[in-house]
Amino acid sequence: MIELTGVTKVLKGQSEPRTILDGVDLSVAAGQSVAIVGRSGSGKSTLLSVVGLFDRPDQGRYLLAGQDISRLPERRAAKLRSSHFGFVFQRFFLLKHLTAAQNVAMALVNGQGWLPRRERRARVMQALDQVGIAHLAKNRPAKMSGGEQQRVAIARALVRDPKVLLADEPTGALDTETGTLVIDALLAATSRGCALVLVTHDRDHAARMGRIHDLVNGVLTERVPA
Amino acid sequence: MKRFSGRFRSSLIIGLQGIRARKLRTLLSMVSLFLGVLAVVVVQAGASIAERALLADNELTWGYDGTRVIDMPPEQKAVDAVLAAVKGRSDAVASIGVQGIIGEPGVRPVNEGGAPIGQSWGGAVCYPDGRCEEPTGPQGAAIEVRLTALTGDIRQFRPFRPVSGSWLDFSTVPSMAPRLVLNKEAAKGFDQYDVPAEMRVNGAVANLTPRFVGVVDDGTGEPRAYVRADELATWLPNANLVNPNMGGELRVSLAPSSPIEQVLVAKLKGMGVEPYVDTINNREEQEDQLRLMRLIFFSMAGLVLLIGVAGILNVGLATVGERVEEFALRRAVGTPRSLLAGIVLAETLLTGLFTAAAAIGASALALKAVVLLAGGSHPILDNVQFPWEAGVAGIIAGIVAGVLGGFVPALRAAGIPIATVMRA
């Protein structure tokens with residue numbers, strides 16, 4: 001599904017340029033799950049930014065379903081983000097003035113095509129059902145627990161039926177038990193053919209993925225199973 | 001087109017959600033903008049009302065815009081031609097002016113020469129044979145008026161404002177005692193002086209006994225009385241109706257499309273009478289004054305509106321600052337930059353429109369209240385309606401303020417990097 005070859009990203013700040021990603025190779029097929037682990041500042045989030053088309057690689061090639069998307073203009077990148085990617089972040093980023101259903105619907109009301117209200121509602125309810133919180137559809141974030149809020153965020157990522165799901169430390173703000181439920185919800189998406197890239201510090205969660213990659217000083221290496 | 005429609009709907013939906021979520025901020029934006037839009041609405045309403053009042057005064061004196069008027073020297077042959085031309089027509093009215101003195105016979109009127117009450121212009125009494133005599137005798141209970149004989153209802157051309165009583169009824173049989181409608185200045189004289197109902201008209205076969213049936217405001221400052229021409233003709237033969245030696249005026253007012261104009265003008269020229277034909281155009285006469293008035297009003301309103309725009313801009317920028325994560329997240333889920341800008345613009349635009357609606361409603365209610373409370377004592381406020389131009393100006397002001405106030409915040413929202421959510 002996604003294939004990165006020799007991807008390099010250099011941060012050009014006020015001081016010396018710093019190489020964040022150094023010739024990264026990564027390939028994730030449909031239905032596969034991959035964990036990216038590494039210390040803080042190792043470039044995990046930057047890698048996810050490049051994969052999620054938030055940012056462009058300075059060097060290297062990025063293929064999505066065989067199509068080179070390394071140098072996409074922003075308008076086309078936005079369209080691809082909408083149609084192919086789902087994002088889950090450490091912080092849930094739910095809009096507090098919207099209900100769970102409205103927060104999920106946010107990914108559908110994004111100017112990339114228009115769905116009739118009935119269809120929109122059906123897809124929102126289906127996404128909430130997939131993460132097991134359809135009964136909380138009318139609740140606002142303030143009335144939900146952290147785990148429930150993160151599952152709303154996952155439903156928001158799933159509602160457009162993405163090909164690639166990117167999760168940046170989605171359990172970082174949750175207790176172990178709730179975190180496990182969240183990982184369950186993410187893995188359930190892979191069973192429907194979605195590729196999953198999970199950035200995490202948690203070894204147990206990483207171990208549940210199909211593959212584990214270590215990112216050290218911008219260099220990505222696949223961990224050989226013991 | 002479909003894509004535009006989707007983005008437009010998305011902007012409106014998200015914009016409305018944003019307004020509902022931040023009611024207090026929206027209200028604060030509206031407060032400053034409300035004053036600006038209100039200023040525009042009030043100024044436009046005031047300008048419209050003042051313009052109408054200005055025009056109404058001119059219409060009262062000169063007639064409605066578009067009315068054709070033919071003035072000519074008051075000669076006998078012209079009178080005959082005019083009376084023959086307008087007879088039985090509703091689209092043309094002839095008015096013939098003569099002097100009349102109402103009151104005690106053998107005395108000089110209190111306003112000699114038909115001057116405003118309390119003044120005297122002096123005056124000679126003239127006869128059809130051209131002989132004039134300086135008035136003699138004591139000043140007594142008599143009032144001199146400009147008597148205007150009408151062949152039909154002149155109010156279709158000049159909007160006299162009724163003050164009391166009724167207007168002349170042209171549908172009845174002529175009365176032997178001519179019915180008079182006084183203007184306000186003449187009525188003032190008859191209020192102040194107790195005069196007998198006897199009227200002297202130069203050239204009349206006898207003194208007349210007039211009946212006052214009403215009072216109107218005709219916009220003139222000298223005492224005037226209006227009478228049916230056929231009722232006056234009973235006592236004043238056409239031959240004596242006008243006489244250059246006695247002064248007088250002869251005018252025909254016509255509807256713009258009246259077919260008799262060409263015929264009458266040709267006929268008069270054929271008789272050797274030179275008519276002066278003109279079209280009433282008060283608006284053109286007042287255009288310079290109106291333009292200056294509008295310029296001053298709109299400069300003031302523009303300044304106040306600018307303050308309102310600054311308010312909405314300030315609140316808009318603060319709101320975008322607070323919503324950085326939301327906008328970054330929206331971009332992450334595929335919302336294009338243009339839609340983000342559209343969301344912010346939709347919010348400020350809707351705020352502008354809601355504010356405009358509130359300001360228009362408040363102004364309309366305030367005007368209604370002012371008319372109710374002060375309408376009786378200020379004739380300018382009689383039957384004043386909220387001008388639609390003010391409503392349109394308010395909506396335009398709301399839209400302009402919304403777009404101007406939202407433009408910079410919209411640009412800023414569109415430029416928020418998605419990485420904001422990754423770093424959070």
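Leaving aside its neighbours within four places in sequence, which residues is B:Glu185 in contact with? In this predicted model, the partners of B:Glu185 are B:Pro116, B:Ile117, B:Gly221, B:Glu222 and B:Pro223. B:Glu185 itself belongs to helix H4 of chain B, which covers residues 184-192. Its relative accessibility is 13%, and B:Glu185 therefore counts as buried, since the cut-off for that class is under 20%. One of the contact partners, B:Ile117, also offers its backbone nitrogen, which lies 2.8 Å from a polar atom of the B:Glu185 side chain.

A second acidic residue of chain B can be looked at in the same way. B:Asp153 sits in the loop that runs between strand E5 (142-150) and strand E6 (161-165) of chain B. Is B:Asp153 buried or partly exposed? With a relative accessibility of 27%, B:Asp153 counts as partly exposed, because that class lies between the 20% and 50% limits. Not counting residues up to four places away in sequence, B:Asp153 touches B:Val93, B:Trp167 and B:Phe170. For B:Phe170, the separation along the chain is 17 residues, while the C-alpha atoms of B:Asp153 and B:Phe170 are 7.1 Å apart in space. The side chain of B:Asp153 also takes part in a polar contact of 3.0 Å with the side chain of B:Arg155.

Attention now turns to chain A and its strand E7, made up of residues 164-168. Five of the five residues of this strand are buried. In a regular strand, side chains alternate between the two faces of the sheet. In E7(A), A:Val164, A:Leu166 and A:Asp168 point one way, whereas A:Leu165 and A:Ala167 point the other way. Strand E7(A) has a parallel partner in E6(A), with four bridges between them, and here A:Leu165 stands opposite A:Gly86. E7(A) also pairs in the parallel sense with strand E8 of chain A (residues 195-199), over five bridges. Within that pairing, A:Leu166 has A:Val197 as its bridge partner.

Strand E6(A) appears again in the surroundings of helix H2 of chain A. This helix spans residues 74-84, and its buried residues are A:Ala77, A:Ala78, A:Leu80, A:Arg81 and A:Ser82. These residues pack against strands E4 (59-64) and E6 (85-88) of chain A, and also against helix H9 (324-332) of chain B. The packing of H2(A) thus leads on to the contact of the two chains.

How many residues does each chain bring to this contact? Chain A contributes 27 residues and chain B contributes 26. Together the two chains bury about 2,500 Å², with 63% of this area on carbon and sulfur atoms. Two salt bridges are found across the interface of chain B and chain A. The side chains of B:Arg331 and A:Glu74 meet in a salt bridge, with a distance of 2.9 Å from N to O. Three residue pairs are in polar contact across the interface, both residues being at pLDDT 80 or more. On the side of chain B that touches chain A, helices H1 (2-21), H9, H10 (337-374) and H12 (419-423) each supply at least two residues. The most comes from H1(B), which gives nine residues. Sorted by class, this side of chain B holds twelve nonpolar, five polar and nine charged residues.

Methods: Residues numbered from 1 in each chain as written. Chains lettered and ligands numbered in written order. Predicted model: local features only at pLDDT ≥ 70, side-chain atom pairs only at ≥ 80, totals over all residues. Heavy atoms only, no water. Buried < 20%, exposed > 50% of the residue type's maximum accessible area, 1.4 Å probe, protein only. Contact = heavy atoms within 4.5 Å. Buried area = accessible area lost by both parts, 1.4 Å probe. Salt bridge = Lys/Arg side-chain N within 4 Å of Asp/Glu carboxyl O. Polar contact = N/O pair within 3.5 Å; in protein donor to acceptor, adjacent residues only side chain to side chain. Nonpolar A, V, L, I, M, F, W, Y, C, P; charged D, E, K, R; others polar. Pairing = 2+ DSSP bridges.
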